[in-house]
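The exercises below work through a pair of chains, starting at their contact and moving into one chain. Each task is followed by a stepwise solution.

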Amino acid sequence: MSPKLNRNTLAAAAGIAILGAIVILPVALRAQQQQPTHPVPAAKDGGTVVMLCDGKTSIEIKNLKPGQQATEQQGRAVANELMAKWQQQHPGEHWETAQAAALSPEANASPTAPAKSKPAAASGQQQGDTYASFTSRDYKVWQTETQKFVDEGKRVFHDSKALGGTIGVSCDMCHPDGSNTHPETYPKYQVQLQRVALLRDMIDWCIENPVKGPTLSPNDAKLRALEAYILAQRKGVPLDYGKH
Amino acid sequence: MAARHKSVETKFMEEREEVLRGLRGLDRRSFLKVVAATAGAVMAKGLIAPHSFQLVTIANAAVEKGTSTNGMAGQPPFTFAYISDTHLYERTLNQRFIRGALKAVEDVNALDPQPDFVLFGGDLAQLGTAEELELGQQILGEVKAPIKMMVGEHDWFLDMGDKWQELFGPPNYSFEWKGVHVVVLMSVHEKDFWTARKMTPQQRMGTVAGLDNGIQSRFEVGDEEREWLKNDLAKVPTTTPILVFSHSPLYKYYRNWNFWTDDAEQVQAILRPYDKVTVIHGHTHQMLFNQIANISFYGMLSTAWPWPYAPQGLPALTVQMNRADPFDQFDACGNGRMNVRADGLVDKIYNLWDRNPVTVKADYLRSRGKTYRPPAPQFATY
């Protein structure tokens with residue numbers, strides 16, 4: 001493969017990616033991680049060869065010279081043409097099912113797919129499903145991020161100054177471990193306010209009154225964090241809105 | 001929300017501010033006269049009932065005649081009151097808790113007849129500073145009856161009790177009162193958690209001041225003071241009624257919040273030979289009572305804020321108070337009074353502000369809940 005040809009191929013692939021070829025994108029990402037090689041056939045008519053990510057199906061764009069950028073229409077046409085060609089070669093098959101099978105270690109039919117390439121998807125999940133390809137590391141990251149949010153809430157909950165308080169009062173003084181905040185009972189009619197209130201309304205009320213600080217907007221990072229901490233303390237308690 | 005929905009407390013504060021503006025010209029003496037006159041006018045109009053915290057003389061008369069169900073009229077009955085857990089900040093920072101403390105002082109001064117003495121149950125200050133403790137001393141100085149002081153952890157851990165002892169004397173002591181042996185304990189010692197963490201005195205105090213942190217040690221009476229207690233009781237006959245004042249509960253309720261005394265069993269063992277032992281404790285800011293063998297325990301109310309009931313460990317004999325209305329600063333706070341009966345047992349009256357008082361009789365605890373059960377709350381803990 002000449003370096004020149006390679007560059008042309010990449011340029012065309014970029015054009016397709018920009019189109020948002022949803023089916024192809026996750027595969028392309030995975031391919032990047034695994035560093036597979038897909039030898040692209042040489043162009044016969046001086047155009048640019050584009051290969052489908054099965055590593056086998058390819059077409060040549062005759063009017064796209066090396067160094068030229070494909071237009072959106074061209075990219076769309078190429079994607080359609082590639083998929084049509086693949087379908088012609090694989091009558092009765094479904095692209096996603098076939099790709100999942102090809103990438104599984106059992107199949108191992110493709111010499112370009114290493115054994116480690118098994119997706120995190122459970123059997124029955126299809127390639128492209130949002131939750132199909134997450135790893136245990138992803139879950140750890142999510143948990144860590146969530147805990148950081150909750151911990152920030154805990155910090156503010158216990159810090160009169162962070163709450164904007166002016167008389168030294170913080171939430172934990174009346175609500176150790178977030179007790180007696182019963183977030184699961186909101187929304188409910190708050191008799192003293194004479195209207196239906198959400199948890200955040202009560203947090204704000206507490207900040208304004210016993211804490212003696214300025215109220216926070218519903219989007220305030222501190223209010224959101226407080227809400228996160230309070231809710232986190234009630235994990236497992238059934239929701240029971242309107243309860244008194 | 002703030003602009004359209006003013007809370008009860010906000011409205012109260014605004015009205016108060018307005019009244020104070022009008023009164024600014026008056027000196028203190030005239031101001032007090034105005035307040036008294038206003039209160040008198042309100043009473044005369046029947047807008048509020050005469051304070052429910054007055055002594056109930058009929059009940060006392062029955063005890064005086066020795067007709068109490070537990071018999072044995074050994075010594076004259078007497079009454080003492082308490083104020084506890086005021087958690088005062090410096091006056092320039094926070095007036096909310098000063099209002100609570102002053103309200104309690106008014107209450108005990110209004111008692112007629114006056115109690116023999118007023119126990120202060122500990123946690124006079126919030127962060128243990130000299131200014132806070134001196135403010136507390138000044139406020140308690142308005143109490144007409146003699147004061148018996150007890151220390152709490154909020155008074156202690158900034159300077160390890162230096163200022164408190166300078167103002168109020170030794171933290172543990174005992175005295176005889178009308179045939180009852182009264183012991184005041186310093187029961188909030190903690191094992192050193194601060195040196196290894198290189199904490200400043202302020203950090204140490206701040207840690208102890210928080211309930212829901214696992215950093216601080218648990219409360220204890222400690223080896224030295226338990227020895228002192230043994231020696232103190234050595235000369236006291238086992239038939240003598242014993243009254244123990246302790247800031248921490250002297251039993252194990254909920255460890256995570258330090259509603260807890262680590263050497264509780266050992267202290268209870270020292271008190272075991274006595275037939276009639278009553279422990280009055282602070283710290284838990286709620287209606288709380290318990291009976292362990294020969295010992296009846298009563299928790300005191302705070303004037304600053306109520307604590308929620310802990311998720312575990314609540315004594316089975318405790319009847320919860322209704323949960324607090326956060327929109328009412330004084331709700332579920334209060335003070336109280338103890339009637340020490342002729343037989344040396346103690347009936348306790350919880351003077352819950354803005355609510356009906358609740359009496360918990362010694363007979364309720366001694367019968368393990370079979371008689372005189374206080375009314376159940378309408379709204380218990382969530």
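**Exercise 1. Describe the contact between chain A and chain B.**

Step 1. Count the residues: chain B contributes 23 residues and chain A contributes 21 residues to the contact.

Step 2. Locate the source on chain B: helix H1 (residues 8–23) of chain B supplies the largest share of the side that touches chain A, namely 3 residues.

Step 3. Sort by class: the side of chain B that touches chain A consists of 13 nonpolar, 6 polar and 4 charged residues.

The coordinates come from a predicted model.

**Exercise 2. Summarise the fold of chain B in overall numbers.**

Step 1. Take the secondary structure: chain B has 11 helices and 12 strands.

Step 2. Take the burial: of the 382 residues in chain B, 42% are buried.

Step 3. Take the contact range: among contacts in chain B with a separation of 6 or more, 72% join residues 24 or more positions apart.

**Exercise 3. Work out the strand order of the six-stranded sheet in chain B, then its edges and its twist.**

Step 1. Write the order: the 6 strands run S3-S2-S1-S10-S11-S12 (chain B) in an open sheet with mixed pairing.

Step 2. Find the edges: strand S3 (147–149) and strand S12 (358–360) of chain B each pair on one side only.

Step 3. Add the twist, which averages 25° from one strand to the next.

Step 4. Examine the end of the sheet at S12(B): strand S11 (residues 346–352) of chain B pairs with S12(B) in the antiparallel sense, over 3 bridges. In S12(B), B:Thr359 stands opposite B:Ile349.

Step 5. Place a helix against the strands: helix H4 (residues 96–110) of chain B lies across strand S1 (78–83), strand S2 (118–120), strand S10 (334–340) and S11 of chain B. H4 runs at about 170° to S1(B).

**Exercise 4. Classify the packing of helices H9 and H10 of chain B.**

Step 1. Obtain the geometry: the axes of helix H9 (residues 223–234) and helix H10 (residues 264–271) of chain B come within 10 Å and cross at roughly 10°.

Step 2. Apply the cut-off: angles under 35 degrees count as roughly parallel. H9(B) and H10(B) are therefore roughly parallel to each other.

Step 3. List the residues that meet: H9(B) brings B:Arg226, B:Leu229, B:Lys230 and B:Leu233, while H10(B) brings B:Gln266, B:Val267 and B:Ile270.

Step 4. Sort by class: the contact of H9(B) with H10(B) holds 4 nonpolar, 1 polar and 2 charged residues.

Notes: Residues numbered from 1 in each chain as written. Chains lettered and ligands numbered in written order. Predicted model: local features only at pLDDT ≥ 70, side-chain atom pairs only at ≥ 80, totals over all residues. Contact = placed C-beta atoms within 7 Å. Helix = DSSP H or I, 4+ residues; strand = E, 2+ residues; numbered from the N terminus. Nonpolar A, V, L, I, M, F, W, Y, C, P; charged D, E, K, R; others polar. Buried ≥ 20, exposed ≤ 12 C-beta atoms within 10 Å, placed from the backbone. Pairing = 2+ DSSP bridges. Axes fitted to C-alpha atoms, helices over the stretch in contact; angles between N-to-C directions. Parallel < 35°, antiparallel > 145°, perpendicular 65-115°, else oblique.
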